[in-house]
Amino acid sequence: MILGQIYFWVMAALSIAGALLTVSAKNPIRAAMGLLLLILSIAGLFLALHAEFLAAIQLIVYAGAIIVLFLFVIMLLGPDASPPRDSKGQIVRFAGSAMFAILSAGAMWLAWKGSHFPALQNVDHDFGGVGALGRSLFTDEVVPFELSSALLMVAVVGAVAVARGKQGVHNMSASSKSEPS
């Protein structure tokens, strides 16, 4: 029991450290590494909840794909690329971040007081497992699942159509431009 609590607090501390590193790092590569630390620690928290499938998906999708995409974009732009300093709207940004911090602290306090939420206390044994996720997807959530698959199919067809370009428009090569008509 005590090892589980130590594991939880270590993963929680690592996730907070990763989040703080992500938003406070001046170097974008270090910010991406902070995001990677956050993603890995959240996957560790999923493992503590016995949600192995969610932990694997977290690692494959976010750590394996999103972080690599971020690093590719950072390398294409150059690690020293930084946006121009914008001093407009600092009061609004500060007020928004303060409101977000207050709402987040309130949500964490409500989650801490779990006695008000019986759904948090009565969790099934197979919560987060592949079987429970499959039962949920193909019984209660079958319509949103099928709609999302149709939406993804339309996005793929649209991406292929955009990649192919317009039919009938031919690019002029350099040799045809230089020839007299």
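Here are some notes on the predicted model above, point by point.

1. Overall make-up. Going by secondary structure, this protein has eight helices and zero strands. Read from the N terminus, the order of elements is simply α-α-α-α-α-α-α-α. If you're scrolling through the model looking for a strand, you can stop, as the count is zero.

2. Burial and surface. The protein has 181 residues, and 13% of them are buried. The exposed area comes to about 14,500 Å². Carbon and sulfur atoms supply 72% of that area.

3. Contacts along the chain. Take the contacts in the protein with a separation of 6 or more: 52% of them are between residues 24 or more positions apart.

4. The nonpolar core. Which residues make up the largest nonpolar core? There are five: Leu35, Leu38, Ile39, Ala63 and Ile67. Two helices, α2 (28–48) and α3 (52–77), each bring at least two residues to this core. The most comes from α2, which gives three residues. If you want to look at this core on screen, those two helices, α2 and α3, are the ones to bring up.

5. A closer look at Ile39. This residue is a member of the core just described. Leaving out residues up to four places away in sequence, what does Ile39 touch? The list is Gln58, Tyr62, Ala63 and Ile67. Of these neighbours, Ala63 and Ile67 are also in the core with Ile39.

6. Aromatic pairs. The structure holds two of them. Phe8 and Trp9 make one, with 5.1 Å from centre to centre and 75° between the planes, an edge-to-face arrangement. As for how covered these residues are, Phe8 has a relative accessible area of 38%, so it is partly exposed. Trp9 also counts as partly exposed, because its relative accessibility is 49%.

7. The other pair. Phe138 and Phe145 have ring centres 5.3 Å apart. Why is this pair called edge-to-face? The planes of Phe138 and Phe145 sit at 80°, and planes over 60 degrees apart count as edge-to-face. On accessibility, Phe138 counts as exposed at 53%, since the cut-off for exposed is over 50%. Its partner Phe145, at 29% relative accessibility, counts as partly exposed.

Definitions and conventions: Residues numbered from 1 in each chain as written. Predicted model: local features only at pLDDT ≥ 70, side-chain atom pairs only at ≥ 80, totals over all residues. Heavy atoms only, no water. Core = buried A, V, L, I, M, F, W, Y, C linked by side-chain atoms within 4.5 Å. Buried < 20%, exposed > 50% of the residue type's maximum accessible area, 1.4 Å probe, protein only. Helix = DSSP H or I, 4+ residues; strand = E, 2+ residues; numbered from the N terminus. Contact = heavy atoms within 4.5 Å. Areas by Shrake-Rupley, 256 points an atom, 1.4 Å probe, with all protein chains shown as cover. Phe/Tyr/Trp six-rings, centres within 6.5 Å; stacked < 30°, edge-to-face > 60°.
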